[in-house]
Amino acid sequence: MDKKEVIRESHRIRSANRRAEIRRHIDEYKMGRPCVDCGGVFPPVCMDFHHTHGEKLFEMSSAVTHTRRLDKVILEMEKCVLICANCHRLRHAPVTPEELS
């Protein structure tokens, strides 16, 4: 391996480790917390962050894939409430749940 390949591989490994650390932090935060809308407790994969206040700097869904700094991810999480995926879809639906009945 030449020097460029070593540097590239080192960067790839550091980025993968950073993404894993951010994913772990987000999943630990979501674990056991109820949806603020329905009160249900679901696995982390079923829970979404919904921005409620402050300037939205990035989508929480991009926090891991774009390898954001953990401190920036935590600041963005503080601007959100945690809701289950179903309630999140309803919040963004063009009609209210009552209209569907």
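Met-47 is buried in this predicted model, and its relative accessible area comes to just 1%. Since buried means under 20%, there is no doubt about which class Met-47 belongs to at 1%. As for its place in the fold, Met-47 is part of strand E1, which covers residues 47–51.

What surrounds Met-47 once its neighbours within four places in sequence are left aside? Contacts are found with Lys-30, Arg-33, Pro-34 and Cys-35, with Phe-42, and also with Leu-82, Ile-83 and Cys-84. Ile-13 is another story: 34 residues away from Met-47 in sequence, it sits 28 Å away in space, going from C-alpha to C-alpha.

Strand E1 also has a part in the ring pairing. The count of aromatic pairs comes to one. The partners are Tyr-29 and Phe-49, with ring centres 5.8 Å apart and planes at 25°, so the pair is stacked; the cut-off for that label is under 30 degrees. Because Tyr-29 belongs to helix H1 (residues 3–30) and Phe-49 to strand E1, the pair ties together parts that are 20 residues apart in sequence.

How buried or exposed are the two partners? Phe-49 is buried, at a relative accessible area of 11%, whereas Tyr-29 has 27% relative accessibility and counts as partly exposed. Tyr-29 has a charged companion too: the charged end of Arg-33 sits over its ring, 3.9 Å from the ring centre. Arg-33 turns up among the contacts of Met-47 as well.

Methods. Residues numbered from 1 in each chain as written. Predicted model: local features only at pLDDT ≥ 70, side-chain atom pairs only at ≥ 80, totals over all residues. Heavy atoms only, no water. Helix = DSSP H or I, 4+ residues; strand = E, 2+ residues; numbered from the N terminus. Buried < 20%, exposed > 50% of the residue type's maximum accessible area, 1.4 Å probe, protein only. Contact = heavy atoms within 4.5 Å. Phe/Tyr/Trp six-rings, centres within 6.5 Å; stacked < 30°, edge-to-face > 60°. Lys NZ or Arg CZ within 6 Å of the ring centre and 35° of its normal.
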